Amino acid sequence: MSGAKRIAAIGLAALLSVSAASASAQMVPRNYQKGPVTLVTQFQVAPGKLNTFMQDYATSQRAGLEIGKKTGAILAYGAAIPITRRAGEPNLYTTITFKDLASYDRSFEAADKANVAVYGSLENAAQAAAKRAEYATVVSSILLQGLALPN
């Protein structure tokens, strides 16, 4: 090997060892685990229809959420309104906290079974959703993965 090639090889080896050392120095043990999953849904409820939404939420929607709580899939749920709101922003938020991502991702069969238990049939569930859409529009939703810190 010529002198120039040898110097280049030594330089490359030194560069690789420095890169490996700095990469290993950056390795920090993870101090968290994946926690519960929260679905936040933002609604625009028509003027004067908040009570209508909350009556439906307290009966039909709550019944379905309680089924999830009984199975252990849902840890908590709730509805909230913003204290300060700007024009054009959602005026109602709902949250559902699931035990984990698998609990959120239930099968069609499980969802259908819960809808039949609450509404009596899938057709009635679809009609209730259509009626709800007359006064409440989903603006957006976001699914958040909690990060649990060690005790």
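Here are three short exercises on two helices and a pocket in this predicted model.

**Exercise 1: the length and faces of α4**

Task: Compare the span of α4 with the expected one, then find which residues are buried and which are exposed.

Solution: Start with the length. With 12 residues at 1.5 Å a residue, α4 should span 16 Å, and its end C-alpha atoms are indeed 16 Å apart. Next, pick out the residues under 20% relative accessible area, the cut-off for buried: these are Ala111, Ala114 and Tyr119. Looking down the axis of α4, you will find these buried residues within an arc of 110°, so they line one face of the helix. Turned away from that side are the exposed Glu109, Lys113 and Ala117. Finally, step past the end of α4 to Gly120, where phi is positive, near 95°.

**Exercise 2: the packing of α5**

Task: Which elements do the buried residues of α5 pack against?

Solution: First list the buried residues of α5, namely Ala125, Ala128 and Arg132. Viewed down the axis of α5, they fall within an arc of 60°, so they line one face. Glu123, Lys131 and Ala133 are exposed on the other side of α5. Now look for partners: the buried residues of α5 pack against α2 (50-71), α4 (108-119) and β4 (136-148). From the side of α4, the cover over its buried residues includes α2 and α5.

**Exercise 3: the largest pocket**

Task: Describe the volume and lining of the largest pocket.

Solution: Begin with the volume, about 1100 Å³. Then turn to the 35 lining residues; Gly64, Leu65, Ile96, Arg106 and Asn115 lie nearest the centre. Sorting the lining by type gives 21 nonpolar, 11 polar and 3 charged residues. Lastly, trace the contributors: among the elements supplying at least two lining residues each are α2, α4 and α5.

Key
Residues numbered from 1 in each chain as written. Predicted model: local features only at pLDDT ≥ 70, side-chain atom pairs only at ≥ 80, totals over all residues. Heavy atoms only, no water. Buried < 20%, exposed > 50% of the residue type's maximum accessible area, 1.4 Å probe, protein only. Helix = DSSP H or I, 4+ residues; strand = E, 2+ residues; numbered from the N terminus. Arc of directions from axis to C-beta. Contact = heavy atoms within 4.5 Å. 1 Å grid on protein atoms, 1.4 Å probe; cavity = no way out; pocket = protein on both sides within 12 Å on 5 of 7 lines; lining within 4 Å. Points joined across faces, edges and corners; volume = space filled by probe spheres on them. Nonpolar A, V, L, I, M, F, W, Y, C, P; charged D, E, K, R; others polar. Expected span 1.5 Å × (residues − 1).
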